[in-house]
Amino acid sequence: MPNSKGLIFDIQSYSVHDGPGCRTLVFMMGCPLRCGWCANPEGWEARRRLMFRATKCVRPQRKCRRCAPVCPEQAVDGGEKHERIKINWDKCRHCASFACAAACLNEALTVCGREITVEELTRILNRDRHYWGSDGGVTFSGGEPLVQQDFLLAALKRCRESYIHTAIETSAYAPWPVFSDVMANIDFAFIDIKHMDPDQHKNKTGVSNELILNNIRALKANGWPGRLIIRMPVIADFNDSEDNINAMIAFFREIGQNEINILPFHRLGDSKWTQCGMVYPYRDYEATPEHVLDHIQELFLANDILCYVGHETPF
Ligand code: SF4
Ligand code: SF4
């Protein structure tokens, strides 16, 4: 069966913030967007990749040098005796050996990403379902789950056969046939809208919002029977203006949508950017102040749109 394997970077059981009830989260690799505030940059590319936790490297204390000699690309700079190693990420990018991670005894070098079959995933979900309660189920997240459409569809169909409640966290950035096929097998969806202006959206995420908005329009117009929550990460100097919120309210009116979840900005992804060899562009940004969240919530509520704030919101 083609594409019966998916590439994931994590599975988390017992989540209570990503859909109704208690849920199992499946983090799938690959994403077409490049948001600078992303908390999971290790999931951007649909490939296994190296991560380096410099604080775990014991070279300064113990003069360890296990990784450098085994790297087939000479991508590890052993440096002076008492320095931590440095990775040449350009050379490392296409590695398939990950010999360095196998050699490292301290989990300073680890491989992110692994293949999983629908059968293995089904076994994990059937193990977890005893803890979900009556409302819970599985939530596919990422990365962007739509990138691995064949595996996702196969997994969703297996969930349907097993009466498992299905949810997705998605940007909706995929061709309509892909998006609609997946959504036909989904019970509950969080869809992100980062900005209502196509140019602003492209400027901060790398892609325009037109495909996203058109997919949401078509989903609603076709009478999709699931529950849709639009999500918006609140990013200062980008999407927190009244103009943008009012444009979103107008869009909600147009499509008949009445629920949104706004998420305050946080810097939790910072260390992961460093571990992936990237510079986090939002390092100097503060967490979204409460008065900003309150004001945005008031604007939505004044227009009869339910506005939930933060992750700890029961759905
Ligand atoms: S992942 Fe491969 S190329 Fe990169 S440092 Fe390790 S062994 Fe070298
Ligand atoms: S093998 Fe691990 S601990 Fe040793 S130098 Fe390399 S990264 Fe550091």
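**Exercise 1.** In this predicted model, find which residues are around ligand 2 and how the residues of its shell divide into nonpolar, polar and charged.

*Solution.* Begin with the names: the shell of ligand 2 consists of Cys57, Val58, Arg59, Cys64, Arg66, Cys67, Ile85, Cys104, Asn106, Ala108 and Leu109. Next, sort these residues by character, which gives eight nonpolar residues, one polar residue and two charged residues. Finally, turn to the space that holds the ligand, and you will find that ligand 2 sits in the largest cavity.

**Exercise 2.** Determine in which cavity ligand 1 sits, and describe the residues that surround this ligand.

*Solution.* Start with the location, since ligand 1 sits in the second largest cavity. Then list its surroundings, which are Leu50, Cys71, Pro72, Glu73, Ala75, Val76, Cys92, Cys95, Ser97, Phe98, Ala99 and Cys100. Sorting this shell as before yields ten nonpolar residues, one polar residue and one charged residue.

**Exercise 3.** Work out with which strands β12 pairs, and explain why β12 is largely enclosed by the rest of the structure.

*Solution.* Take first the partner β11 (residues 227–234), which runs parallel to β12 and is joined to it by five bridges; within this pairing, Ile230 has Ile260 of β12 as its bridge partner. Following the chain, β11, helix α9 (residues 242–255) and β12 together form a right-handed β-α-β unit. Take next strand β13 (residues 306–309), which pairs with β12 over four bridges, again in the parallel sense, and here Tyr308 of β13 stands opposite Asn261. For the last step, consider burial: because five of the six residues of β12 (residues 259–264) are buried, this strand is largely enclosed by the rest of the structure.

Technical notes
Residues numbered from 1 in each chain as written. Chains lettered and ligands numbered in written order. Predicted model: local features only at pLDDT ≥ 70, side-chain atom pairs only at ≥ 80, totals over all residues. Heavy atoms only, no water. Near = heavy atom within 4 Å. 1 Å grid on protein atoms, 1.4 Å probe; cavity = no way out; pocket = protein on both sides within 12 Å on 5 of 7 lines; lining within 4 Å. Sits in = over half its atoms within 2 Å of the grid points. Nonpolar A, V, L, I, M, F, W, Y, C, P; charged D, E, K, R; others polar. Buried < 20%, exposed > 50% of the residue type's maximum accessible area, 1.4 Å probe, protein only. Helix = DSSP H or I, 4+ residues; strand = E, 2+ residues; numbered from the N terminus. Pairing = 2+ DSSP bridges. Right-handed = clockwise from strand over helix to strand, strands pointing away.
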